[in-house]
Amino acid sequence: MEELVAEAWSFSKSFDKTASGSAYLESQSHKILATVNGPKEYYELSSSEEYVRHSQATLQIESAHSQFIKSAFGSTILVDRYPKAVIEIKIQIIEGKESTALPLMINAATLSLLDAGIEMRDTLIACSAARNGEKIVINQEGSPQVIVGYLVNTDEIVMLQETGGIDQERLAELLRASIDSCKTFFNYLQNNFN
Amino acid sequence: MEIEIERNLVMPGDVVPCPTGSMPGYGTYQNEVGEIVSNVMGYPAMYNRLVCVNSLRGCYIGETGNVVIGRISQVGNKRWKVDIGASQEAALQLSSIDLPTGEHRIRSEEDQLHMREYFNHNDLLSAEVQSKSQEGKAINLQTRSSKFGKLKNGMLVVVSPNLVARMRQHFCQLNNEVDIIFGRNGWIWVYYNNTNELEVPLIRRQQIVRISCLLKLMNKALVMISPEKIQQVFERTSDIELEDLLAESTLERIKDIDAVE
Amino acid sequence: MQSEKKFITDGIKQNCRCDGRGILSSRRIKIEKGVCTLSPGSAQLNIELSSPHIICGCKLEIGVPEVEDEGIVNLSIELAGKSLMTDKERMAEVKSLIEMLMLNYFNKKQLCIIPGRKCWKLFIDVEILDKDASNLIEHISLTITSALEDVKVLATEGIVNKNTKEEYIEILDGTVRINIDELPIITTVAQINTSSVLDLTAEEEGCADSLLHFSIDKNGTIKGIIKENPGRLAVDQVLSAANIAKEVAAHIFSDLGTGSIKYKLS
């Protein structure tokens with residue numbers, strides 16, 4: 001077994017009373033703030049797409065990396081439960097590098113969605129696993145690096161990114177490493193969510 | 001009865017040769033000297049005393065009695081708006097559809113709320129042109145017969161409306177048991193007419209895909225589309241594998257069959 | 001619409017798609033280089049029996065470098081004709097994917113003329129002509145690769161006068177080609193229900209659960225993976241898609257020189 005190096009996380013939620021849900025996540029390298037507004041009525045200029053939009057909720061994400069976050073949560077949040085509504089998620093990086101923030105941003109968003117009581121298929125946890133010399137490091141820089149968004153109970157990957165070039169053996173190894181850390185983070189959440 | 005005047009291409013501004021006493025129809029106008037002049041590029045034709053020019057290209061114009069295929073673009077106040085590839089969307093009134101139970105009654109408030117159950121946004125349907133209001137040229141559709149209605153178990157091929165020949169029967173079945181609905185607006189539905197099975201079986205699917213690919217090629221080769229022509233093209237290309245059907249070489253073969261100039 | 005989707009997904013299950021192809025076959029595409037005579041490099045991608053699809057033109061200017069010994073590469077992707085807000089957003093997404101998966105690996109050091117002072121700025125402009133263009137990421141990456149192969153850069157030598165510190169750029173005879181030996185191409189493996197499908201058409205893209213874009217170089221090394229679309233995958237599906245992508249990339253690299261590409265995996 002290789003040595004896994006991870007960093008400590010701490011979080012708090014429900015600090016912003018005006019938002020439907022909010023969460024603050026802190027790690028050794030980042031501080032992330034996420035707020036959720038909604039579901040609330042969605043006014044949109046009528047166009048020929050009017051019906052399709054309204055049969056499920058629309059997700060609006062305001063943050064860096066928004067296209068990846070949107071596609072990850074698109075499969076997790078049960079949008080059919082909220083027709084004609086919009087769910088606004090805003091994620092801010094208070095401290096830390098934007099390029100390595102993606103997994104923590106997703107986790108912060110998950111926490112704030114849990115706080116807002118929005119129905120989701122499963123809990124979405126994201127982690128990155130990378131090689132740094134002999135060790136595999138979690139949520140830290142390294143190359144090659146794999147970022148995974150994972151549904152912990154249904155055992156499915158909803159977001160995947162790899163940068164830096166990789167061969168298939170490494171790919172399998174890093175995928176399993178990041179999934180394991182997602183599970184660890186999930187257990188931590190379950191035990192500390194008060 | 002439509003008779004085509006000699007096959008001479010006319011351009012906008014050309015005088016259409018016709019017997020005296022003719023009246024200008026679509027695609028033409030009468031100038032100060034009394035001559036009938038063409039508006040579009042196409043071939044002239046006569047209906048009794050009406051002189052018209054059938055345009056080679058252009059969007060669907062629409063005539064009462066035409067069978068068309070369309071897609072629902074809006075669900076609205078007691079009527080649906082349908083996209084049929086014309087300059088304007090056509091309207092399908094709630095009172096112009098066949099209720100699923102087959103009843104004949106005045107539509108109630110209840111029916112208005114259930115409109116989405118009959119036809120929903122983006123559904124494909126076959127319908128007949130009921131009327132065309134003169135001002136604004138909006139087309140009204142009706143589906144008052146069991147053969148019209150929502151379409152399923154098939155695929156849509158869109159060709160140029162000018163290539164769809166006039167035919168008596170728009171709902172056909174080809175020799176190899178593929179069902180087709182020819183919309184005069186150039187939208188053609190190729191399908192499997194069996195509602196009992198959950199899925200279209202592979203053999204039928206391959207035939208449907210084959211005919212659809214041939215229709216696309218005929219559109220590109222500017223060959224008039226009718227059941228007989230499709231049969232001809234089908235026989236000429238029956239040796240080509242389905243995978244290789246959509247290729248330049250097949251197009252050449254089809255072009256040899258008398259093409260529309 | 002639902003019934004049309006069902007027809008398409010059932011067909012994929014039966015390995016008979018709406019244009020007759022199998023699920024692991026691509027359409028035949030033809031790439032022509034040097035179509036824009038006024039550009040130093042250009043390429044046009046056409047799909048058989050279809051109107052011209054994608055055009056890519058490259059132009060070069062001399063500018064000031066941001067990183068000392070590297071040049072600057074600027075990508076722009078536009079949809080010809082009127083585009084809605086949603087199209088503009090989509091183009092921005094496509095652009096960021098191509099930058100992350102492909103242009104990041106472009107050797108910018110070869111664009112340096114005088115370190116810290118002068119470099120080449122390479123503008124890559126992609127124009128999408130067909131509004132129903134599908135499998136954009138893969139096709140755009142192939143068009144860009146061919147356009148870059150076509151580019152002829154003026155041979156230059158940068159000289160700094162040691163005493164006056166003035167800089168000159170001397171133009172030498174002849175032209176230089178851009179080195180794209182390490183540049184990967186991108187191929188997309190889509191997941192529809194449980195099948196892996198290649199080279200989707202526009203209607204099929206509407207039914208795709210997830211899209212995995214793989215960036216693979218000449219040697220078959222995976223340089224990047226990004227998943228798009230809200231679909232859920234098991235680890236095995238990801239690994240088998242990686243195998244498929246590697247095979248596709250090998251076919252593409254061997255056909256790229258001929259200008260006509262069509263692949264079919266068993």
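**Exercise 1. Find out what share of the contacts in chain A, among those with a separation of 6 or more, comes from residues 24 or more positions apart.**

Solution. Residues 24 or more positions apart make up 65% of those contacts. Keep in mind that you're looking at a predicted model. Next, take the elements: chain A has four helices and 10 strands. Walk along from the N terminus and you meet them in the order β-β-β-β-α-β-α-β-α-β-β-β-β-α.

**Exercise 2. Work out how many residues of strand 9 of chain A are buried, and which way their side chains point.**

Solution. Start with the whole chain: 43% of the 194 residues of chain A count as buried. Now zoom in on strand 9, residues 145-151, where seven of seven residues are buried. Then sort them by direction: Gln145(A), Ile147(A), Gly149(A) and Leu151(A) point one way, while Val146(A), Val148(A) and Tyr150(A) point the other way.

**Exercise 3. Identify the strands that pair with strand 9 of chain A, and the sense of each pairing.**

Solution. Take strand 7 (residues 124-132) to begin with: it pairs with strand 9 in the antiparallel sense over seven bridges. Here Ala129(A) sits opposite Val146(A) of strand 9. Now turn to strand 10 (residues 156-166), which is also antiparallel to strand 9, over seven bridges. In this pairing, Gly149(A) has Met159(A) of strand 10 as its bridge partner. Last, check the link: strands 9 and 10 of chain A form a hairpin with four residues between them, and Asp155(A) in the turn has a positive phi of about 60°.

Technical notes
Residues are numbered from 1 along each chain as its sequence is written. Chains are lettered from A and ligands numbered from 1 in the order in which they are written. This is a predicted model: local features need pLDDT of at least 70, side-chain atom pairs count only at pLDDT 80 or more; totals for chains, interfaces and linings use all residues. Helices (H or I, at least four residues) and strands (E, at least two) are DSSP runs, numbered from the N terminus. A residue is buried if 20 or more other C-beta atoms lie within 10 Å of its own, exposed if 12 or fewer, and partly exposed in between; C-beta atoms are placed from the backbone. Two residues are in contact if their C-beta atoms, placed from the backbone, lie within 7 Å. Two strands pair if DSSP finds at least two bridges between them.
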